[in-house]
Amino acid sequence: MPRRHYQTTPIFYVNDRPHLGTAYAVISADALARWHRLVGDEVLFLTGTDEHGLKLQRVAEDAGVTPKAWADRTSQVFRDAWESLEISNDDFIRTTDDRHKLAVQRFIQSIYDNGYIYLGTYEGWYCVQCEAYYTEEELAPNRTCPIHGRPVEWLSEENYFFALSRFTDALLEWYEANPKAVRPDTRRNEALSFIRQGLGDISISRTSIDWGIPVPWDERHVVYVWYDALINYCTAAGYGSDEERFAAWWPVVHHLVGKDILRFHAVWWPAMCMAAGITPPAEVLAHGFLLVSGEKMSKSRANQIDPVALAQDVGVDALRYHLLRDVVLGTDSDFSYEGLLGRYNSDLANNLGNLLSRVATVVASRCEGIGPPPRPDEPGHRLARFAEATAAAARDAWERSAPNEALEATWRLIRETNAELEAREPWKLPPGPEVEGVLGDALEVLRIVAILASPAIPGAARRLWERLGLPGVPDEPGAADPEGGRLGWGGYPGGLPVTKGEPLFPRRRDLETGASPAVASR
Ligand code: MSP
């Protein structure tokens, strides 16, 4: 039985457009989903857009269009952006989908029927940007939002409440029984200390707006946008409409979320699942922020970088590689164009690109363009051993959701192979078995690298595969499966035409000549 892995991203508010910060989140989830397909897991990878709430209603009003018309347009911008960044989502959910309305209504009806929802009055400070209430103590100076720094509004309304306070003990038990459910540990501890302080009930409906999903037993109310949004993960797995599908994909769900929305995912969401009678998610993994000059990228700070323009400039693979290689998943990281180009030149142009072009050049001059097979895997075969250890290290790192370590290990193998070529200098040797052995080994390393790097650089990995003359694709499901996969030494059969072609990653000289148009125009 293959393992199942259900990977999600947060669903994005459609008042904003995709920026490099949100692209980073989606690229990270994509790489994890791709890795799981590569080891042979059955994968469901979901992303989408969060389209209800006061914020969106106001943005649309200001623009003189209906909320739905606004949401249609911006949701499509997200879809297009993710497509151009080679995001391999299997589904794209919109909270305005009929299937979602159905699932939300069933989900909250079952919480209501289980006795965890009651009617009350809410008064409090509300940040429209966060779509969240804050207590007086949580506010920043001058009654502003602690996240956005904008003035909050006093709202008072009749609401339905979710009895979150009744889940304090159950949540603590869940944390105790599932030490890996919320990661990294710093975030787990943060959520735990929040729970230990004692949980208050939360308001989950609004009568002041009508842009939302009606509460099924009282249609004067619409469901609060966060309560509605979290349920998207269940909707896409078939909750309320396809029991068999839901049983297959729940609870093997892995939520990748930003650290700012940890509380919703690591406190509210597991409690909501318990209240509705379903198992809480297998994992909530929180990443940090991508910063520009130390500040979070966001619409309100006008410091956004357009990921699509940036990818057009440097290439999708280069952008993806840099974000996955240089950001430690879980921590904040400052983005700079110089950092991106530096990584591009050192790892992609110099190391990987050079290895391919050197090997292809010598295969052309010494082997008539036909790649020889690698030397057999014997105990003393240093490169074979190195490749074996690399595959194990990369596998271990991907399993720990550490793409940067997986890529670091993969690039060590590339550097090692380049060093081997420099030591043997096959370009100086006459045609014959020695040259063939050295080249065959290097071709075999390139084949293994194409598989291991494919979650990060899917397009370049496929182009590399083609240059090696290999049939099929490097990211065939199961290619990195420890049993029966294709990472074992000796998979390159030899006898295939090797193509030099244009450089896979032409060296960039912009650092000497000025900044990227994509970054300069922000
Ligand atoms: N709609 C809610 C999520 C609902 S999930 C059931 C939301 N949307 S958002 O569009 O504001 O943010 C979505 C995600 O983008 C969050 O996880 C947030 O952390 C992430 N990011 C926004 N800016 C970011 C950076 N600058 N860097 C990294 N992630 C960023 O919250």
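These are my notes on two helix pairs and the cavities of a predicted model.

**Ground rules.** Residues are numbered from 1 along each chain as its sequence is written. Local features need pLDDT of at least 70, side-chain atom pairs count only at pLDDT 80 or more, and totals for chains, interfaces and linings use all residues; side-chain values use heavy atoms, without hydrogens and water.

**H12 and H13.** I looked up helix H12 (residues 316-326) against helix H13 (residues 337-367). Helices here are DSSP runs (H or I, at least four residues), numbered from the N terminus. The two axes lie 9 Å apart, at an angle of about 95°. Axes are lines fitted to C-alpha atoms over the stretch in contact, and angles run from 0 to 180 degrees between N-to-C directions. H12 is therefore roughly perpendicular to H13 (65 to 115 degrees; under 35 is roughly parallel, over 145 roughly antiparallel, the rest oblique). I noted contacts (heavy atoms within 4.5 Å). Among the H12 residues making them are Tyr-321, His-322 and Arg-325; H13 brings residues including Arg-343, Tyr-344 and Asp-347.

**H1 and H14.** Next I checked helix H1 (residues 20-38) and helix H14 (residues 382-399). Their axes come within 10 Å and cross at roughly 125°. H1 and H14 are therefore oblique to each other. From H1, Ala-31, Leu-32 and Trp-35 meet Arg-395, Trp-398 and Glu-399 of H14.

**Cavities.** I then searched for enclosed space, on a 1 Å grid over the protein atoms alone, where a 1.4 Å probe fits but cannot get out. There are three cavities of 30 Å³ or more. The largest holds about 100 Å³, as the space filled by probe spheres set on grid points joined across faces, edges and corners. Its lining has 15 residues (an atom within 4 Å of a point). Leu-54, Tyr-126, Glu-131, Arg-206 and Ile-209 lie nearest its centre.

How values were computed:
On a 1 Å grid over the protein atoms alone, a cavity is a set of points where a 1.4 Å probe fits but cannot get out, and a pocket is an open set with protein on both sides within 12 Å along at least five of seven lines; lining residues have an atom within 4 Å of a point. Helices (H or I, at least four residues) and strands (E, at least two) are DSSP runs, numbered from the N terminus.
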